[in-house]
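Let's take a walk through this structure, one stop at a time. Have the sequence and the 3D view open as you read.

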Amino acid sequence: MIQTFPKGGIHPAEDKFAAGIPIRVLPLPKTVNIPVSQHIGAPSEPLVAKGDKVKTGQLIAKSNGFVSTNIHSSVTGTVTKVDKMMDSSGYKRMAISIDAEEDQWEEGIDTSKTLNRKISATGDEIIRKILDAGIVGLGGATFPSHIKLSVPRGKKAEVLIINGVECEPCLTSDHRLMLEKGEELMVGIQLLMKALNVKRALIGIENNKPDAIRHLSSLASDYEGTEVKTLQIKYPQGAEKQLVKALIKREVPSGKLPIDVGTVVHNIGTAFAVYEAVQKNKPLIERVITVTGKKIESPSNFMVRIGTLVSDLVEAAGGLPDDTGKIINGGPMMGKALKTADVPVTKGTSGILIVPSDESRRKPVLNCVRCAKCVSICPMGLEPYLLQAATEFKKWDLVENERALDCMECGSCSYICPSGRPLLDYIRLGKSTVSKIIRSRKQ
Amino acid sequence: MSDIVINSIITVSAMGTAAAVILFLVARKFNVVEDPRIDQVEEELPAANCGGCGLPGCRAFAEALVRADDISDLKCPVSSSEAMSRIAVILGKEIAEQDPLVAVVRCAGTPDQRSKTSIYDGALSCTIESSLYTGESDCPYGCLGLGECVEVCRFDAIFMNPETMLPEVIDDLCTACNACVVACPRDIIELRKKNKKDRKIFVACINQEKGGVARKSCKVACIGCGKCLKACKFEAITLENNLAYIDPVKCRLCRKCPPECPTNAIPEINFPERKAAAEAS
């Protein structure tokens, strides 16, 4: 039976041009800029200084606080700078710049391609290794994975959910990973199940990826408790709460996490990274990134070292087309436009999208016509038009009471609005202001 | 017939008396004694309710003035010093002399000086644009030009100049209520001492990048060269994070620093024309 979440949702054009193109390993970049804050939480603390020699996979910044994680060098070479460098927003943030010379891996890392099915680590060891390897949620939220796996006392995980939805248009990196690294993924899922101490895992995949569903279903039959579920195509099904609702019919209450209803959600990319970290001892230094766009010469899926510049990636996909309006870091729905292509990709980059100029501008903003389309498609059951107006007129108590903090910024409201109103822009501002107010109230 | 009349009169009078007693007791019980000076002080306040004092409205400020023993910390940016001294007389308290202040926009990056490198077509709010990225120019410190400061001004003292795309303060209307300073997400606006004839000398830039980077993003950026520092005889200028700052209290408006600045980042406003320049022209 094809499942989905009941409330709201939209159907943007899929445009998955790179779905049939196998993952290519991007040649080693000449230089990488590795930001020390690639995850949600405290920035990591740099351990290297200018002039230091580092090897691929060497720890260069360590976890700094509970919600934080480790960062490793993705190349072998010399550290040229530990300073503030431009990140994808154009602002300068702390980063480590390394000139790559060769590719010599840190000792103890298994770089062979052989599949290692035998799980010897205990649950705690798995969680420890995930922290050591610096794994974060690779779906885009970049929340440190080891925290999600450490179930708080008094709560119990019953089922593991693996997110293979990839509902964001254009992106195909998870799709390719499922097709090409299916066996490794399955072992990764077993590791996550062991760490969580659950007997059941559900892999949710939308039915626009029938090949991935077939492939993983046949593999899953060899593993006890693992099951592939087909989901109806609907955005934003890849959002945690929507996926939980679609797969196990439980609603995560406002302000709570999936663990409160007995489940933990991890992305396909994360499961693969967990396999590599635990079975191969390999830290998270590379990930699959889709480079796509309507006018780009060859849409591709690359295995990219973290810290590679976006311009290198675009070059490898045939270069920037003449008619380029926007370069987006991420997908068309949730991604952010880049100011320049000379910024590094991070652990959370799932795709680079090149938008032609005729599609890159927003519609002119008109008045709200009270059509309530935003209300009917909001997957969280919010009233975006109201949140927008309340934020614009600084009615922060109304913003808070209308549950702005439940908004996950999927952008469906801005997408559907016939008047082209910047709903999400305002709701984001409302969210950040309200959370500031709540924090000051606690003090 | 007369019975009915008499009974009605007696009943109504009894009810009236009972109600009067109750009202009297309730009024005694819930009587709020209010200092009559609060009203007097409020009369003197500007009734702008701008919140510049940090309290919700002029009434609250009047109450605070009456309540406090030492009122030197309480300042109304809108009131003139005469009004404040009248209030001090009413309350019989000492009041500190305060210099009048005026808001100053510390960015001079007009479109000619600071070229656009991207197009922003999101929500028309400086705070939102600032949270998304560095803005249309390459300067991550400069004015975004969407006029959030204009929106919050209660005195119509600030407006967007359509030519420079920068906000401009009308000194006579500005009350230094601080609203625009708080509203600007980039902290570009500063309250500075009001000088005679509204003369002003200040560093119209807050870019903390190193010289080359700052210059590349904007032609009139402060590059932190320190030339103004050497020119100043009153030690009014400090240089921190590649950025010069002129202390408004120490500055004597001697006009030595503006010509020194290689990027013209120090404007001199409302001064008579310089003699040398006047002769040359």
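Start in chain B, with two helices: H2 of chain B, which covers residues 36-44, and H3 of chain B, which covers residues 58-67. Their axes come within 9 Å and cross at roughly 125°. An angle between 115 and 145 degrees counts as oblique, so H2(B) is oblique to H3(B). The crossing of H2(B) past H3(B) is right-handed. Bear in mind as you look that this is a predicted model.

Which residues meet where these helices pass? From H2(B) come Arg37(B), Ile38(B), Val41(B) and Glu42(B), and they meet Cys58(B), Arg59(B), Ala62(B), Glu63(B), Leu65(B) and Val66(B) in H3(B). Sort the residues of this contact by character and you get six nonpolar, four charged and no polar.

Now zoom out to where the two chains touch. Chain A puts ten residues in contact with twelve residues of chain B. On chain A's side of that contact, the residues split into four nonpolar, two polar and four charged.

Last stop: Ile161(A), which sits in strand S9 of chain A, a strand covering residues 159-163. Is Ile161(A) buried or exposed? With 23 other C-beta atoms within 10 Å, Ile161(A) is buried, because 20 or more is enough to count as buried. Leaving aside residues up to four places away in sequence, Ile161(A) touches Leu202(A), Gly204(A), Leu243(A), Val244(A), Leu247(A), Thr263(A) and Val265(A). You can also look across to Thr226(A): it is 65 residues from Ile161(A) along the chain, and their C-alpha atoms are separated by 9.8 Å.

Technical notes. Residues numbered from 1 in each chain as written. Chains lettered and ligands numbered in written order. Predicted model: local features only at pLDDT ≥ 70, side-chain atom pairs only at ≥ 80, totals over all residues. Axes fitted to C-alpha atoms, helices over the stretch in contact; angles between N-to-C directions. Helix = DSSP H or I, 4+ residues; strand = E, 2+ residues; numbered from the N terminus. Parallel < 35°, antiparallel > 145°, perpendicular 65-115°, else oblique. Left-handed = near helix turned anticlockwise from the far one by under 90°. Contact = placed C-beta atoms within 7 Å. Nonpolar A, V, L, I, M, F, W, Y, C, P; charged D, E, K, R; others polar. Buried ≥ 20, exposed ≤ 12 C-beta atoms within 10 Å, placed from the backbone.
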